[in-house]
Amino acid sequence: MSRRAVPPPSASDPFAVAAERFHHDLNRALGAEPRGAILLAVSGGPDSMAMLTLAAATFPGRIRVATVDHRLRAAAAAEAEMVANHCALLHVPHATLIPDAPITGASIQAAARQVRYRLLADHARGVGAETIATAHHADDQAETFLMRAARGSGIAGLAGVRPHATIEGAVVIRPLLEWRRAELRAIVRRAEAPFVDDPTNTDPAHDRTRFRRLLDANEWLGPPQLARAAAALAEADGDVRAIVEWLWSSRAAVDGAGVRIDVAGLPRELVRRLARRAIGTVVEAAALPAPKWSDSANIEALLDALAAGRRATQAGVLVSPHGDSWRFRPAPARRSSGSAESG
């Protein structure tokens with residue numbers, strides 16, 4: 001039987017109530033009482049500083065903290081130092097993580113996210129932490145839901161941020177997905193913990209900022225309700241993933257860098273997911289360098305071509321339909337004029 005990390009809360013002590021709630025939510029996100037250390041990703045914003053405040057109180061001696069300085073803003077170094085100084089007061093180990101090379105790319109935010117999780121995963125393994133916790137909350141989830149809905153995302157995209165995921169080989173949990181931004185800010189203010197507001201959060205150049213303003217100006221949209229919708233879709237997506245896993249084991253045949261799947265009688269969503277998995281399998285097995293493949297890539301044109309009996313290519317993978325049997329293999333160096341790149 002696991003020990004309680006916090007005593008029963010008193011209704012007259014708001015922080016004790018919040019601490020008990022956080023203890024419960026972290027265990028639920030992880031699926032059990034954590035056995036080892038937990039690495040908190042703390043940027044210095046009010047959300048992550050609230051998570052640090054709650055975690056230090058509820059899991060004493062089990063917390064490690066890392067702040068990623070992406071080297072994209074001059075103020076980031078001072079913010080990391082602020083977090084380090086506060087961690088010293090709490091007697092919590094802290095490290096500032098810095099990329100080996102400048103972050104570049106068409107989408108700086110996406111590139112920064114990839115680098116951030118890689119650094120966090122490497123550091124977690126280095127300090128013996130079994131889990132990484134981030135401070136994503138209900139308002140973040142609502143913003144993500146609206147952003148992806150506006151882009152026409154399917155179930156997987158609309159499911160938003162998951163409470164439990166594996167990223168860069170590390171277990172990542174989000175124990176604050178049912179907490180509001182205002183609640184977290186109130187916690188750090190009551191605790192008199194330092195925090196900073198990242199100026200990029202109000203920069204209208206970013207999509208997320210525009211959707212944040214939309215939510216702030218329209219209370220009827222209801223971030224908690226949108227977050228619950230995302231959670232329901234995440235559950236549905238998990239069920240579909242389980243079905244796809246079963247179908248892959250019974251309908252897919254892998255031969256080296258080739259894959260054949262039987263799509264007879266399957267609805268388009270299941271065919272879509274099986275096709276994406278087949279493409280990814282071929283890309284990995286054949287070490288295809290370009291174009292870059294993503295499991296969230298749009299393959300609608302490919303599916304339309306295959307359903308019409310025409311072969312097509314995607315991400316360097318040639319797909320040939322033979323009735324209800326589709327064959328996936330690396331595309332030849334010189335493609336014939338009859339093949340068409342999809343998506």
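This is a short tour of a predicted model, going from the whole chain to one helix and its surroundings.

**Stop one: the whole chain.** Start with everything selected and shown as a cartoon. You should find eleven helices and eleven strands. Turn the view along the principal axes, and the C-alpha atoms fill a box of roughly 70 × 45 × 40 Å. Next, try colouring by burial: of the 343 residues, 45% are buried. If you draw the contacts between residues at least 6 apart in sequence, 66% of them join residues at least 24 apart.

**Stop two: the surface.** Switch on a surface next. The chain exposes about 17500 Å², and 54% of that comes from carbon and sulfur atoms. Then select the charged side chains, of which 42 are positive and 37 are negative. The centres of these two sets lie 5 Å apart.

**Stop three: helix α11.** Now select residues 300-307, which form α11. Which residues of this helix are buried? Show side chains for L302, L303, A305 and L306, and you have them. Look down the axis: these four sit on the same side of α11, because they cover an arc of only 160 degrees around it.

**Stop four: what covers α11.** Keep those buried residues in view and add their cover, which includes helix α10 (268-286). Also part of this cover are three strands: β9 (312-314), β10 (317-322) and β11 (325-330).

**Last stop: G309.** Finally, step along the backbone to just after α11 and pick G309. Here phi is positive, at about 85 degrees.

Technical notes. Residues numbered from 1 in each chain as written. Predicted model: local features only at pLDDT ≥ 70, side-chain atom pairs only at ≥ 80, totals over all residues. Heavy atoms only, no water. Helix = DSSP H or I, 4+ residues; strand = E, 2+ residues; numbered from the N terminus. Buried < 20%, exposed > 50% of the residue type's maximum accessible area, 1.4 Å probe, protein only. Contact = heavy atoms within 4.5 Å. Areas by Shrake-Rupley, 256 points an atom, 1.4 Å probe, with all protein chains shown as cover. Lys, Arg positive; Asp, Glu negative; His and termini not counted. Charge placed at Lys NZ, Arg CZ, Asp CG, Glu CD. Arc of directions from axis to C-beta.
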